[in-house]
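Open your viewer, turn on the cartoon display, and keep the selection box handy. We will go stop by stop, choosing something to select and then looking at what is there.

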2 protein chains.
Amino acid sequence: MSAKIRLYVDHPLAPGQPVAVSREQAHYLFGVMRLDAGAPVALFNGRDGEWCAHVTEAGKRGGTLVCETQTRPLQMPPDLWLLFAPIKKARTDFIVEKAAEMGAARILPVQTDFTNSERIRQDRLQAHAVEAAEQCGGTFVPEVADLQKLSRLLDTWPADRQLMFCDEAEAGSALRLATGGRGKPWAILIGPEGGFSETERKRLHAMEQAHVVSLGPRILRADTAAVAALTLWQQALGDWS
Amino acid sequence: MSAKIRLYVDHPLAPGQPVAVSREQAHYLFGVMRLDAGAPVALFNGRDGEWCAHVTEAGKRGGTLVCETQTRPLQMPPDLWLLFAPIKKARTDFIVEKAAEMGAARILPVQTDFTNSERIRQDRLQAHAVEAAEQCGGTFVPEVADLQKLSRLLDTWPADRQLMFCDEAEAGSALRLATGGRGKPWAILIGPEGGFSETERKRLHAMEQAHVVSLGPRILRADTAAVAALTLWQQALGDWS
């Protein structure tokens, strides 16, 4: 019987390893899903791949699973960061969920000159990334960083990390990407809903690592743009081809 | 002063043409947005492009705008249909919104062997497509068809319409698309969450017009898959390049 439920745990996974589940997880596994002792669960921790485990203790406030065999090795996504300016709550949640599904390695919410958000709930967004990994069969969970100023991030931008960004004010070409380096570190920057400021635009265009890319003739919402940009990148340079 | 508010109206647009607004639109324009007589509004009807209009009468239950000049011609999307199996309400809404943003010409909800939905609210989905066009600066609104059985749709499938579909059970290649015909009628079929049935899979693979495409090594939710597939298509064969 193979496990249908996938669970992220922050715990080492190895043959015979017992894993205690949290109160919340116990509620889900034994209350909502009604698993009993002996039921299989797939576990992953973002480091050791996916493991088949079985319930050995099922309680209301906790329980124990025991790891048996590794069912899949850890599959790391490419070294791709997604930078985006937080928008309305539901759409920000979506961007994080989609970035995890689409195989971003790190998610960085950034404050641009035209971003309204002053703060984000990093813990809630991280939980969304975990849930997306549980749902989409991933064995890796991207880290969601805390909100930071785009300008500060660019101050210390790594010399070897290429940056793909979509500037509505300028027609870029998706084809230019193909000439960029496969296997290199990359980042995608999704502009805020109000666009970039003139200062930001100048700075980004002046960066040696920058690649302007077009996302077609229609204006896309930030969450749509995130999925579209990740698709173009994965297809041209990532693990889709 | 250029118009910031974009409004879809089901009315012919021409120079000097008066356009009556509905009670709902009056509430939005004059109540929520507090527009007075003289305020500019951008109008489009999906046929005559985008027009600059001005408020001439603002009332609680209705009002009138007068069309002045065309500000943009009608921009038709490519002849691309999006077929998808309805899922949870919020995600179905999202698929329709994204399809309109990404430039699908027609949206067809389909019932597959593993689809749970028996019905959809066609009017609500059509309203989502209108709202997406208003938001994304489009001048065209894709028609949302009523729910129909995939098998029946395939019974009368047009001989010249190519069909791109994503089959999780088989590794396709996104590159094969490049050899398909640009400028031809196309459709994208997004599989249901439970995948296709064996009968459906056999039938789809046997179709001369079928092109199996891969959306990478991770399992994508249907709404993510819709945006990713539309991106691949627009980039390879549509109006993105």
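Which residues of strand S10 (residues 162–165) of chain B point one way, and which the other way? Select the strand and show its side chains: Gln162(B) and Met164(B) point one way, while Leu163(B) and Phe165(B) point the other way. In a regular strand, side chains alternate between the two faces of the sheet. All four of these residues are buried, which means under 20% relative accessible area (over 50% is exposed, in between is partly exposed; 1.4 Å probe, protein chains only).

Before moving on, a word on what you have open. This is a predicted model, in which local features need pLDDT of at least 70, side-chain atom pairs count only at pLDDT 80 or more, and totals for chains, interfaces and linings use all residues. Residues are numbered from 1 along each chain as its sequence is written, chains are lettered from A and ligands numbered from 1 in the order in which they are written, and side-chain values use heavy atoms, leaving out hydrogens and water.

**Next: the neighbours of S10(B)**

Add strand S11 (residues 186–190) of chain B, which pairs with S10(B) in the parallel sense over four bridges. Strands are DSSP runs of E with at least two residues, helices are runs of H or I with at least four, and both are numbered from the N terminus. Two strands pair if DSSP finds at least two bridges between them. Look for Gln162(B), which stands opposite Trp186(B) in S11(B). Now add strand S12 (residues 210–212) of chain B: three bridges join S10(B) to this strand, and the two run parallel. Here Met164(B) has His211(B) as its bridge partner.

**Next: Leu108(A)**

Switch to chain A and select Leu108(A), found in strand S7 (residues 106–111). Leu108(A) is buried, with a relative accessible area of 0%. What does Leu108(A) touch, not counting residues up to four places away in sequence? Its contacts (heavy atoms within 4.5 Å) include Trp81(A), Phe84(A), Ala145(A) and Leu153(A).

**Zoom out: chain A**

Show the whole of chain A, with its six helices and twelve strands. Its C-alpha trace spans about 60 × 35 × 35 Å along its principal axes, and 58% of its 241 residues are buried.

**Last stop: both chains**

Chain B can be laid on chain A with an RMSD of 0.0 Å by a turn of 180 degrees and a shift of 0.0 Å along the axis. That is the relation of a two-fold axis. Copies are superposed by least squares on the C-alpha atoms of residues with pLDDT of at least 70 in both.
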